[in-house]
Amino acid sequence: MPLISRGIVLAVLALGAASGRALAQAHDPRAEIFVRRGCTECHAITAFHVKATHDVGPDLTLAYGDVVNRYGVSLEAFLYEPRGLMRMMLASHLQLPSVDRDSMILILGALYKVRRAELDSTPPP
Ligand code: HEC
C-alpha cells in the first residue's frame, strides 16, 4: 500500500479508538460485533447502515467476494492469515478471538450472498 495511506491509518490509530465509537451507531444487530471489535473505525458496512469513523478501509459489505478477487484467498484464510495492513492491525492493534473471527466470516458470507442475489435479480439497464 502507498506510504501516504499508511500514514493516514497510523494517524487514525493515534487519534484513538474511543473518540469515534459513538458515531458508528449500529442499526443491524449483526453490525454490533464489528463495532465492538473496532473494525468500523476504518470500515463502513453500508448494508448495515454503518459508517466508518475514518473511511480508510474498503466497505466490508462485499468483502467476502472482494478478498477473493483482491488477494486470491477466501475471507476465512484472509482473517486467519491477513495480508497487507490488516496483518499489522490484527497482530497488534485489534484483539480478535477466533470465535468472533468465525462469526464475522459467517455474517459477511451471508451478507455477500444476499447482495449477490439482489444484484443478479436486477435487470441490466
Ligand atoms: C486502522 C484501520 C483499520 C481497522 C481498525 C480495521 N481495518 Fe480492515 N482494512 C484496513 C485497510 C486500510 C484495508 C485495505 C487493505 C490494505 O491496504 O492492506 C483493510 C482491509 C480489510 C479487508 C479486506 C477487504 C477487501 O475488500 O479486500 C478485510 C476483510 C478487513 N480489512 C477486515 C477487518 C476487520 C474484520 C476488522 C476488525 C476486526 C478490521 N478490518 C479493522 C484498515 C483497517
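These numbered points go through the fold, the core, two helices and the ligand shell of a predicted model.

1. Overall fold. The protein has seven helices and zero strands. Read from the N terminus, the order of elements is α-α-α-α-α-α-α. Of its 125 residues, 24% are buried. Take the contacts between residues at least 6 apart in sequence: 45% of them join residues at least 24 apart.

2. The core. The largest nonpolar core holds 21 residues. Within this core, I45, Y64, L75 and L108 touch the most other members. Four elements give two or more residues to it: α3 (32–36), α4 (63–71), α5 (75–80) and α7 (98–121). The largest share comes from α7, with four residues.

3. I45 in detail. This core residue has contacts on both sides of its own position in the sequence. Leaving out residues up to four places away, I45 touches A31, F34 and T40. On the same terms, V50, D59, L60 and T61 also touch I45.

4. Helix α4. Its buried residues are A63, Y64 and V67. Viewed down the axis of α4, these fall within an arc of 105°, so they line one face of the helix. The cover over the buried residues of α4 includes α5 and α7. Y64 also counts among the core residues that touch the most other members. After α4 comes G72, with a positive phi near 70°.

5. Helix α7: geometry. How does the span of α7 compare with the expected value? The helix has 24 residues, and at 1.5 Å a residue it should span 34 Å. The C-alpha atoms at its ends are 35 Å apart, which agrees.

6. Helix α7: packing. M104, L108, L111 and Y112 are the buried residues of this helix. They pack against α3, α4 and α5. Those three helices, like α7, give two or more residues to the largest nonpolar core. L108 is one of the core residues that touch the most other members.

7. The ligand shell. Around the ligand there are 26 residues. Which of them come nearest? They are C39, C42, G57, D66 and G84. Two or more shell residues come from each of α1 (3–15), α4, α5 and α6 (84–93). By class, the shell has 18 nonpolar, four polar and four charged residues.

8. Shared elements. Two helices deserve a second look. Both α4 and α5 give two or more residues to the largest nonpolar core, and both also give two or more to the shell around the ligand.

Terms used:
Residues are numbered from 1 along each chain as its sequence is written. This is a predicted model: local features need pLDDT of at least 70, side-chain atom pairs count only at pLDDT 80 or more; totals for chains, interfaces and linings use all residues. A residue is buried if 20 or more other C-beta atoms lie within 10 Å of its own, exposed if 12 or fewer, and partly exposed in between; C-beta atoms are placed from the backbone. Two residues are in contact if their C-beta atoms, placed from the backbone, lie within 7 Å. A nonpolar core is a set of buried Ala, Val, Leu, Ile, Met, Phe, Trp, Tyr and Cys residues joined through C-beta atoms within 7 Å. A residue is near a molecule or strand if its C-beta atom, placed from the backbone, lies within 6 Å of it. Ala, Val, Leu, Ile, Met, Phe, Trp, Tyr, Cys and Pro count as nonpolar, Asp, Glu, Lys and Arg as charged, and the others, Gly among them, as polar. The arc is that of the directions from the helix axis to the C-beta atoms. The expected span of a helix is 1.5 Å times one less than its number of residues.
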